[in-house]
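Visitor: I've got some time and a fresh model to look at. Shall we walk through it together?

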Amino acid sequence: MTDSSADPTPDATLPELLLALQAIDTQADQLTHRRAHSPLRDEFTAASNRATQWERQRAAFVAAIAEFGASIDRAEAQGAELLEHRQRLDRQLKTVIAPREAEALMHEISNIEAQRDELDVVEMDALEQQAALDDQLAAHLAEEEAITGALSLADQALAVESGDIDAELERLARSREDVRSSIADSVLTTYDRKREALGVAVAPLVGRQCQGCHLELSAAEIDTVKTEAAATGVTDCPDCGRLLIV
Ligand SMILES: [Zn+2]
């Protein structure tokens, strides 16, 4: 990680202190932005979404397989009832003498057989679909390791990066306090107000150009800021209002 915020020496001038403070705050802003907009965070989110999607699909397969299982059980229970009924009718048939009664029983038996055939078709169909889903679930489960592995890697990478950034932010926070403790409260108040309004509160004057707004000061303005900054080395940029280091 770059270190653009070397702590100023104890006898640093106000311009040096302000530039150091601004450098620290800018670096902290950049790190905070990088932490929030890390490509690793996007990768983690994508991996996490894939894992959620995978789990949802797995649950859907399991539920569908269970549903077919339940309809197979129902068909088998109904089939057993029908068989029992048929066996009862078979026994009855052996005891009847009247042809019309026998005919009625045989008609009933053939109805039951038709129902059993229908149930067999339903059950076979459910078994086939369940077997197909079993295969799809097995293929789906084979992806689990890759899905969870990718999620875990993305999680770790993000955690490492965030940890590094947090450590750097803590270091910057300490440097920031050191620098601020060397600056008068009234100047800090001005700095904080300008930083809140403008993002960057301090800008050096290079040649005739303010490095905050990049506007050129007129010859008269140069004279004015030089007079104003004579004592401390700092005044306000007449164009953007930043603390101008002259
Ligand atoms: Zn300016």
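Guide: Sure, and let's begin with one serine. Apart from its neighbours within four places in sequence, Ser-162 is in contact with Arg-35 and Arg-41. Keep in mind that this is a predicted model.

Visitor: In which helix is the place of Ser-162, and is Ser-162 buried or exposed?

Guide: Ser-162 sits in helix H4. Its relative accessibility is 9%, and the cut-off for buried is under 20%. So Ser-162 counts as buried.

Visitor: What covers the buried residues of H4?

Guide: Ser-162 has company in H4, where the buried residues include Ile-147, Leu-158, Ile-165, Leu-172 and Val-179. Charged residues are on that list too, among them Glu-161, Glu-168 and Arg-180. The cover over the buried residues of H4 includes H1, helix H2 (39-95) and H5.

Visitor: How far does H4 reach from its first C-alpha to its last?

Guide: H4 has 38 residues, and at 1.5 Å a residue 56 Å would be expected. The model comes close to that, with a reach of 55 Å.

Visitor: Back to Arg-35: with which side chain does Arg-35 meet in a salt bridge?

Guide: The N to O distance in this pair is 2.8 Å, where the rule asks for within 4 Å. The partner is in helix H4 (residues 144-181) while Arg-35 is in helix H1, and their positions lie 131 residues apart in the numbering, as the pair is 131 residues apart. Arg-35 counts as partly exposed at 27% relative accessibility, and its partner counts as partly exposed at 29%. That partner is Asp-166.

Visitor: And Arg-195 with Asp-25, how many residues apart in sequence are the parts that this pair ties together?

Guide: The side chains of Arg-195 and Asp-25 form a salt bridge at 3.6 Å, N to O. Arg-195 lies in helix H5 (residues 185-198) and Asp-25 in helix H1 (residues 14-36), so the bridge ties together parts separated by 170 residues.

Visitor: Are Arg-195 and Asp-25 buried or exposed?

Guide: Relative accessibility is 19% for Arg-195 and 3% for Asp-25. The cut-off is under 20%, so Arg-195 counts as buried, and Asp-25 also counts as buried.

Visitor: Which residues are linked with Arg-195 in a network of salt bridges?

Guide: Asp-25 belongs to the network, as the bridge partner of Arg-195. The other members are Asp-29, Arg-176 and Glu-177.

Visitor: Lys-194 forms a salt bridge too; which residue is its partner?

Guide: The closest N and O atoms in this pair are 3.6 Å apart. Lys-194 is in helix H5 and its partner in strand E3 (residues 234-236), so the bridge ties together parts 42 residues apart in sequence. Lys-194 counts as buried at 11% relative accessibility, whereas the partner, at 38%, counts as partly exposed. The partner is Asp-236.

Visitor: On to the sheet, then: which strands stand at the edges?

Guide: The sheet is open, with four strands in the order E2-E1-E4-E3 and mixed pairing. A strand at the edge has a single partner strand, so one of its sides is left without a neighbour in the sheet. The edge strands are E2 (209-210) and E3.

Visitor: What is the bridge partner of Ala-203 in E4?

Guide: Strands E1 (residues 202-206) and E4 (residues 243-245) run parallel and are joined by three bridges. The partner of Ala-203 is Leu-244.

Visitor: Which helix packs on the sheet?

Guide: This helix touches E1, E3 and E4, and its direction makes about 130 degrees with that of E3. The answer is helix H6 (residues 219-228).

Terms used: Residues are numbered from 1 along each chain as its sequence is written. This is a predicted model: local features need pLDDT of at least 70, side-chain atom pairs count only at pLDDT 80 or more; totals for chains, interfaces and linings use all residues. Side-chain values use heavy atoms; hydrogens and water are left out. Helices (H or I, at least four residues) and strands (E, at least two) are DSSP runs, numbered from the N terminus. Buried means under 20% relative accessible area, exposed over 50%, partly exposed in between (1.4 Å probe, protein chains only). Two strands pair if DSSP finds at least two bridges between them. Contact means heavy atoms within 4.5 Å. Axes are lines fitted to C-alpha atoms, for helices over the stretch in contact, and angles run from 0 to 180 degrees between N-to-C directions. The expected span of a helix is 1.5 Å times one less than its number of residues.
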